[in-house]
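Trainee: Can we go through this one together? I'd like to start with the rings.
Mentor: Sure, here it is.

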Amino acid sequence: MSEYTGRTLSSDVGRRINFSSYSIYFLAIGLFLFLTFATNTFFSFENLYSISLDISIQFYAIVGFTLLLIMGEIDMSVGSVFGFSGALAGYLFVKSGLPFWIAFLLTVLLCAGVGLINGLVVVKFHVSSMMVTIGMMTVMAGFKAVLIGQLSSRVFTGDFRSFMRMKLGDIHWTIIALVILIVVFEILLLRSYKFKVFYFVGQNSETAKIYGIKSDRIRMMMFVMSAVTAGIGGVIAASRVAHAAATAGVGLEFTMITAAVLGGASLFGGKGSILRSAVGLFFLAMVTNGMVSFSVDPYIQQVVLGLILIIAVTVDIVFTRKSRA
Amino acid sequence: MKMSGLKLKNVIQRSEFAVIAITIILFVVLATGSDIFFNVNNLNSLQTSIAPSALVAFGMMLLLILGVFDLSVGATMALVGISVSTLLASGVSVPLAVLGGFGIGVLVGFVNGILVGVVGINPLIATIGIKFMVQGLAYMRMSNLYQVHPDFPASFTILGTGKLFGIYYQFLFMIVILIILSIFLKNNGIGRRLYYIGGNRNASRLMGFNSKRMIIIIYIVIGLLAAAAAIFSIARYGNANRYLGSGIEMTAIISCVLGGASLSGGKGTAMGALFGVIFMSLMTNFFNLFEVSSTWQDVVVGAILIIVVAADGYLTLKKNKELGKI
């Protein structure tokens with residue numbers, strides 16, 4: 001299949017509309033319009049704001065996750081690290097009595113270490129990133145459970161609690177940061193050579209090496225990036241609920257995969273963008289939101305999410321095949 | 001490919017050697033360190049935890065040899081368990097209910113197989129999508145079921161609780177499947193094909209092997225094995241719930257990789273899968289019997305998995321360097 005994925009940067013970009021690159025915008029706009037006209041509750045400032053706030057927290061984790069997908073690697077430990085970092089920051093804050101910012105910094109550093117281990121094992125031993133990160137997922141889920149056991153549902157107060165609640169003007173800082181990060185990454189990935197090489201590495205890391213790109217180092221850095229962004233997201237999420245929840249981050253890796261793939265990323269690498277992954281998250285949030293307002297059985301929501309994922313990928317594959325013929 | 005005699009070097013280099021060795025060490029530690037390890041209750045619970053997990057792991061092993069995998073298998077178990085108990089509660093006869101359970105397994109496997117084999121979706125995405133859908137269906141059926149808490153007929157319960165010379169039927173069934181699969185993978189032409197297809201899909205296509213059909217068939221096989229595991233489990237515990245099979249897909253993949261499989265395909269044996277499962281079950285047993293908080297278990301299992309994967313990668317790399325491939 002990997003021969004299909006090398007299309008985005010090939011010479012005919014611009015001459016041909018790449019279906020998988022734009023489909024998420026059409027899907028998102030279509031659903032947005034549908035929900036606006038079909039329900040009374042969807043198109044209100046409060047509802048849209050709360051959707052944006054939800055996304056702005058998961059968004060941090062998807063930044064690194066998408067960059068790693070562009071490399072053609074995957075990080076299954078993203079959910080565990082997300083849950084672990086919230087619990088660890090809470091532990092350092094509550095039990096060790098560290099100031100919040102120090103606890104936050106230490107947590108992010110430790111997550112970077114976790115990502116470094118993933119990266120080192122995958123890159124140095126040439127093994128499947130999925131397998132290694134499933135191992136890491138299990139390890140971090142274990143540590144998370146240990147920490148949560150120690151914390152025994154202590155509430156995080158003070159700086160920790162107010163971290164996520166800080167506002168610039170009337171808007172939560174996480175939403176503002178989301179917009180800024182999307183713009184910055186979109187510009188960098190499209191314009192900056194240093195970031196454009198990510199796609200080359202994802203398409204063929206060995207060829208990229210021949211052209212003098214430090215493939216291995218870039219791939220390793222992206223594993224670190226994935227763990228760091230998941231760690232930041234985890235602390236923000238823990239700050240929001242103000243305690244270490246056992247459910248934090250559970251299944252997040254599947255949300256991330258669904259959103260990123262809807263946003264045109266491929267597990268074979270060389271494709272994807274932060275903006276489109278974020279729109280993918282927004283789309284998923286709209287689906288959930290819409291189904292709640294139509295009072296759809298929550299279990300059918302799962303069926304629908306699974307169906308969306310499979311249809312999106314099937315359509316993508318069918319279109320990619322057609323455009324090759 | 002062929003083993004030249006039983007030289008020590010060959011034995012050590014076999015991929016399942018590591019897991020068999022650490023399983024035996026763990027067994028000895030448990031046998032000598034704990035008074036209640038050989039207690040009948042403990043052995044019973046070990047048998048009934050190993051048998052269903054091993055059935056699922058066998059299916060996963062076949063998929064991994066082909067270079068694919070199935071994350072929907074736990075959800076399939078939940079749906080089969082809940083459906084079979086619903087059927088039994090509504091008065092359907094035992095053989096028909098069991099048949100219905102297998103039918104669901106076949107159906108889920110077939111859909112997975114089509115998506116992965118024919119449409120060409122990455123198994124990770126395809127089977128996660130199916131996992132969501134099957135799980136949603138299972139929970140929906142569950143919410144209909146929980147008012148009636150049916151007592152299973154005795155002819156059904158015997159499937160889970162019946163024993164022959166102290167060994168559960170389900171354990172014997174698992175052993176039979178193990179023997180069949182081992183012979184199939186080692187001595188059967190079609191079985192050998194799994195390794196060729198997993199080792200190099202393109203080359204095997206040029207040789208005229210139909211990998212699409214093979215992928216569909218093996219996904220159906222894992223569906224059937226998951227259904228069997230679900231039926232044994234609900235028959236043993238006397239009820240079905242939504243947690244049946246939850247997370248078993250990860251445990252099965254971990255067991256298989258510990259037992260010598262690789263996600264890149266072309267490697268693995270049924271015996272390796274079984275020892276991977278036994279290791280995981282003994283591990284749980286270890287944490288219970290020595291009263292270590294079970295939260296540490298994940299940490300240990302995950303770390304072992306990373307070490308095994310890294311060591312496997314290191315050895316492959318070294319071998320390829322010696323062969324001059326790099």
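Trainee: Which rings link into a cluster in chain A?
Mentor: Ring pairs join Phe59(A), Tyr60(A), Phe93(A), Phe100(A), Trp101(A), Phe104(A), Phe156(A), Phe160(A), Phe163(A) and Trp173(A). Rings of Phe, Tyr and Trp (its six-membered ring) pair if their centres lie within 6.5 Å; planes under 30 degrees apart are stacked, over 60 edge-to-face, the rest tilted.

Trainee: Anything I should know about the model and the numbering?
Mentor: The model is predicted: local features need pLDDT of at least 70, side-chain atom pairs count only at pLDDT 80 or more, and totals for chains, interfaces and linings use all residues. Residues are numbered from 1 along each chain as its sequence is written, chains are lettered from A and ligands numbered from 1 in the order in which they are written, and side-chain values use heavy atoms, without hydrogens and water.

Trainee: How many aromatic pairs are there over all chains?
Mentor: There are 31. Take Phe32(A) and Phe43(A): their centres are 6.0 Å apart, with 90° between the planes, an edge-to-face pair. Phe32(A) sits in helix α2 (residues 19-38) of chain A, and Phe43(A) in the loop between α2 and α3 (45-70), eleven residues apart. Helices (H or I, at least four residues) and strands (E, at least two) are DSSP runs, numbered from the N terminus.

Trainee: And why is the pair of Phe37(B) and Phe38(B) edge-to-face?
Mentor: The ring centres of Phe37(B) and Phe38(B) are 5.1 Å apart and the planes meet at 75°, so the pair gets that label.

Trainee: Is Phe37(B) buried or exposed?
Mentor: Phe37(B) is buried, at 1% relative accessible area. Phe38(B) is partly exposed, at 48%. Buried means under 20%, exposed over 50%, partly exposed in between (1.4 Å probe, protein chains only).

Trainee: New topic. How many residues does the contact take from each chain?
Mentor: It takes 41 from chain B and 42 from chain A. Contact means heavy atoms within 4.5 Å.

Trainee: Which elements give two or more residues on the chain B side?
Mentor: They are α5 (94-119), α6 (123-145), α12 (248-258) and α14 (295-322) of chain B. The largest share, 15 residues, comes from α6(B).

Trainee: How many salt bridges does the rule find across the interface?
Mentor: Zero between chain B and chain A. A salt bridge needs a side-chain nitrogen of Lys or Arg within 4 Å of a carboxyl oxygen of Asp or Glu.
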